[in-house]
Amino acid sequence: MTQSVPHRNDALDSIDRSIVAELSRDGRLSVRTLAERVHISRTAAHNRVQQLQQRGVITGFGAHIDRKAIGLNISALVVVRIGEVSWEEIAAKLATLPFVEKVQAVSGDIDIILTVSAPDHEQLSQAILRDIHDMPGVVSTRSHLILAEIEGHPPAQTLDIWRT
């Protein structure tokens, strides 16, 4: 008989899930407002947020940035196939390249998907053709320009069965 491995959310009670959902909507909430929204004391809210951080459930707080507002006017998903190299090693190198926002390992006939944003086509082309494609260990790349983007729900806001 096999036992299932517990997931990080198995240990979250309904209050912790509510805290995570509220903070995913607005990471700048004061402890007082958070406590009011989840119907607990400020001390309890503060302690629970600290515990969620210590357990790695909450990994940070940050701002959502509009790429175009900071001059990154064009973005692409770059599909990368790698050769006989360590995924961790090449992913770490790819993540340090200018304009690379995200590196993700994927299944199937490709190995990595990158999100790359640049000020213009010329700089995007340079990032893809010179920096990424010519990196030792990269076998091939395929680029897909992002034409439009619509935000979905952060994980804690998804209407699913884990929040009761």
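So, five helices and four strands: that is what the chain has in this predicted model. If you follow the sequence from the start, the order reads α-α-α-β-α-β-β-α-β. The chain has 164 residues, and 30% of them are buried. Its accessible surface comes to about 11,400 Å², with 52% of that belonging to carbon and sulfur atoms. And how much of the contact pattern comes from residues well separated in sequence? Taking contacts with a separation of 6 or more, 65% are between residues 24 or more positions apart.

Let's go inside. The largest nonpolar core holds 19 residues. Val80, Leu94, Leu114, Val116 and Ile132 are the ones with the most contacts inside it. Which elements give two or more residues to this core? They are β1, spanning 74–82, α4 at 87–95, β3 at 112–118 and α5 at 121–132. The biggest giver is β1, with five residues.

If you want one residue to click on here, try Ile132. Leaving aside residues up to four places away in sequence, Ile132 touches Val80, Leu94, Leu97, Val100, Leu114, Val116, Ala127, Val138 and Thr141. There is also a second core, separate from that one, with 13 residues. Leu12, Leu23, Leu34 and Val38 are among them.

Now for the helices earlier in the chain. Please find α1, residues 14–25, and α3, residues 42–54. Their axes come within 11 Å and cross at roughly 85°. An angle from 65 to 115 degrees counts as roughly perpendicular, so that is how α1 and α3 sit relative to each other. Who makes the contact? From α1 we have Ile15, Asp16, Ile19, Val20 and Leu23, and from α3 we have Arg48, Val49 and Leu52.

The helix between them in sequence order is α2, covering residues 31–38, and Val31 belongs to it. Is Val31 buried or exposed? Neither, quite: its relative accessibility is 32%, so Val31 counts as partly exposed. Not counting residues up to four places away, Val31 touches Arg42, Ala45 and His46. Val31 and His46 are 15 residues apart along the chain, and their C-alpha atoms are separated by 6.1 Å.

Back to strand β1 for a moment, where you will find Ser75. This serine has 9% relative accessibility, which means that Ser75 counts as buried. What does its side chain do there? The side chains of Ser75 and Ser117 are joined by a polar contact of 2.5 Å. Again setting aside residues up to four places away, Ser75 touches Arg67, Val116, Ser117, His144, Leu145 and Ile146.

Last stop, two loop residues with backbone angles to look at. His39 is in the loop between α2 and α3. Phi of His39 is near 65°, a positive value in a residue other than glycine. His39 is exposed, because its relative accessible area is 72% and the cut-off is over 50%.

The other one is Phe99, in the loop between α4 and β2, the strand at 100–105. Phe99 is not a glycine either, and its phi is positive, at about 75°. With 27% relative accessibility, Phe99 counts as partly exposed.

That's my tour, so let's open the model and look around together.

Notes
Residues numbered from 1 in each chain as written. Predicted model: local features only at pLDDT ≥ 70, side-chain atom pairs only at ≥ 80, totals over all residues. Heavy atoms only, no water. Core = buried A, V, L, I, M, F, W, Y, C linked by side-chain atoms within 4.5 Å. Buried < 20%, exposed > 50% of the residue type's maximum accessible area, 1.4 Å probe, protein only. Contact = heavy atoms within 4.5 Å. Areas by Shrake-Rupley, 256 points an atom, 1.4 Å probe, with all protein chains shown as cover. Polar contact = N/O pair within 3.5 Å; in protein donor to acceptor, adjacent residues only side chain to side chain. Axes fitted to C-alpha atoms, helices over the stretch in contact; angles between N-to-C directions. Parallel < 35°, antiparallel > 145°, perpendicular 65-115°, else oblique.
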